[in-house]
Amino acid sequence: MTVAAAVAAGTLPGRVWLYSNYHCNLTCTYCLTESGPGVRRRELGPERMVTVAREAKELGFTGLGVTGGEPFLLPELPDVLAELAELLPVVVLSNATLFTPARLARLDQLAGTPVHIQISLDRPDPVDNDEMRGPGNFGKVVASIPRLIERGIGVRVATTVEEIDDDELGRLCELHRRLGVPDEDHIVRPVVRRGRAVDFDMGVEARQPDLPAELTITADGSFWSPFGPTVHSGRLDTDLLITRTTSPLRTPANALLRLIEDRPPGDDARLNIR
Ligand code: SF4
């Protein structure tokens, strides 16, 4: 079966993920990649990102995801996103703490393009939110979201929690609606017990069958899912590594197709990790 046929049949998710970098200005307690300011950057590089996107489109993938680390620490990222968006729709994950007026101005080129910035916001109250994500995080996020939307840039909100009761979730939903993000652009997902979450004894165990088979490209190889190339005790996890080779993209894509051949439909939905 080809990628295009598997995507059309719904047996292979259409999105290819790119790990742009592993460094971050924050050090969240549940971070899958143990990201922080001083970690090894493992950057994919702008040219490689665009090449992978081009190959992904040719193979029949239908979307791109960009994650890290904090992708917006890369000065070239707005230009790269604009190039990627000419090929396929893009979602880029961000902590939304770096959107200074100068950075926002560089994002103007993304207005009206198929780029969505998916922003982490975990709790409706600053103290609870900042406990896991760091001081001042809540204030920066709630200030950034309307500024991005005003500029014509698509925004989604992602909430990552161990547990949240109905009252707190209701207040969080009121908040994201007030900021301009509709319900269909809000996702809630569990903390996954990988990376720093292991040290803080948090999250759900996610095995390969629990995770959608979303081809994920990093500087160190290709993985089963964006939850694969995590880092613990400074070392890259390789339990979900597919191939060390990422070029041509056909090589890991075919390896992934072989792995999903006998997978029952819906088998990956148990933990709602998407
Ligand atoms: S969870 Fe995201 S924002 Fe937090 S340290 Fe990790 S990469 Fe940075």
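**Exercise 1. Alanine 111 and its partners**

Work out where alanine 111 lies and which residues distant in sequence it touches.

*Solution.* Start with the chain: alanine 111 sits in the loop between H4 and S4. Bear in mind that this is a predicted model. Next, go for burial. Alanine 111 has 13 C-beta neighbours inside 10 Å, and since the partly exposed class lies between the exposed limit of 12 or fewer and the buried limit of 20 or more, alanine 111 counts as partly exposed. Now skip residues up to four places away in sequence, and what's left touching alanine 111 is Arg151, Gly152 and Ile153. Finally, take one of these pairs: alanine 111 and glycine 152 are 41 residues apart in sequence, yet their C-alpha atoms are 4.6 Å apart in space.

**Exercise 2. Helix H6, end to end**

Check the length of H6 (residues 137-150), then find which of its residues are buried and what they pack against.

*Solution.* Length goes first. H6 has 14 residues, and at 1.5 Å a residue they should span 20 Å; the end C-alpha atoms are 21 Å apart, which agrees.

Then pick out the buried residues of H6: Asn137, Phe138, Val141, Ser144, Ile145 and Leu148. Why do they line one face of the helix? Looking down the axis of H6, the buried residues fall within an arc of 130 degrees, so one face is what they line. The spacing rule helps here: an α-helix has 3.6 residues a turn, so residues three or four places apart point the same way.

Now ask what that face meets. The buried residues of H6 pack against strand S4 (115-120), helix H5 (126-133), strand S5 (154-161) and helix H7 (166-179).

Last, look just past the helix: glycine 152 follows H6 and has a positive phi, near 85 degrees. That's the glycine from Exercise 1, with its C-alpha 4.6 Å from that of alanine 111.

**Exercise 3. A residue in strand S5**

Is alanine 158 buried or partly exposed, and which residues is it in contact with?

*Solution.* Alanine 158 belongs to strand S5. Count its C-beta neighbours inside 10 Å and you get 17, so it counts as partly exposed. Leave aside neighbours within four places in sequence, and alanine 158 is in contact with Gln118, Ile119, Ser120, Ile187 and Arg189. For a longer-range check, try serine 94: it is 64 residues from alanine 158 along the chain, and the C-alpha atoms are separated by 9.7 Å.

**Exercise 4. Backbone oddities**

Find the cis peptide bonds at glycine 69 and proline 248, and the positive phi values at arginine 42 and alanine 96.

*Solution.* Take the cis bonds first. One runs from glycine 68 to glycine 69, with omega near 20 degrees. Glycine 69 is in the loop between strand S2 (63-67) and helix H3 (77-85). Another joins serine 247 and proline 248, with omega about 0 degrees; proline 248 is in the loop between strand S11 (241-243) and helix H9 (250-260).

On to phi. Arginine 42 isn't a glycine, but its phi is positive, near 45 degrees. It's in the loop between strand S1 (15-19) and helix H2 (46-59), and is partly exposed, with 19 other C-beta atoms within 10 Å. Alanine 96 has a positive phi too, about 60 degrees. Its loop runs between strand S3 (90-94) and helix H4 (101-106), and with 24 C-beta neighbours inside 10 Å it counts as buried.

**Exercise 5. Around the ligand**

Which residues surround the ligand, and how do they split by class?

*Solution.* List the shell: Cys24, Leu26, Thr27, Cys28, Cys31, Thr33, Ser35, Gly68, Gly69, Glu70 and Asn95. By class, that's four nonpolar, six polar and one charged. Both Gly68 and Gly69 are in this shell, and the peptide bond linking them is the cis one from Exercise 4.

**Exercise 6. Two domains**

Describe how domain 1 and domain 2 are laid out and what each brings to their contact.

*Solution.* Get the bounds from the domain assignment: domain 1 is 10-28 + 45-88 + 192-263, and domain 2 is 95-190. Their C-alpha centres lie 22 Å apart. The contact takes 15 residues from domain 1 and 16 from domain 2. On the domain 1 side, these residues divide into 11 nonpolar, three polar and one charged.

Technical notes: Residues numbered from 1 in each chain as written. Predicted model: local features only at pLDDT ≥ 70, side-chain atom pairs only at ≥ 80, totals over all residues. Helix = DSSP H or I, 4+ residues; strand = E, 2+ residues; numbered from the N terminus. Near = placed C-beta within 6 Å. Nonpolar A, V, L, I, M, F, W, Y, C, P; charged D, E, K, R; others polar. Expected span 1.5 Å × (residues − 1). Arc of directions from axis to C-beta. Contact = placed C-beta atoms within 7 Å. Domains from an automatic or database assignment.
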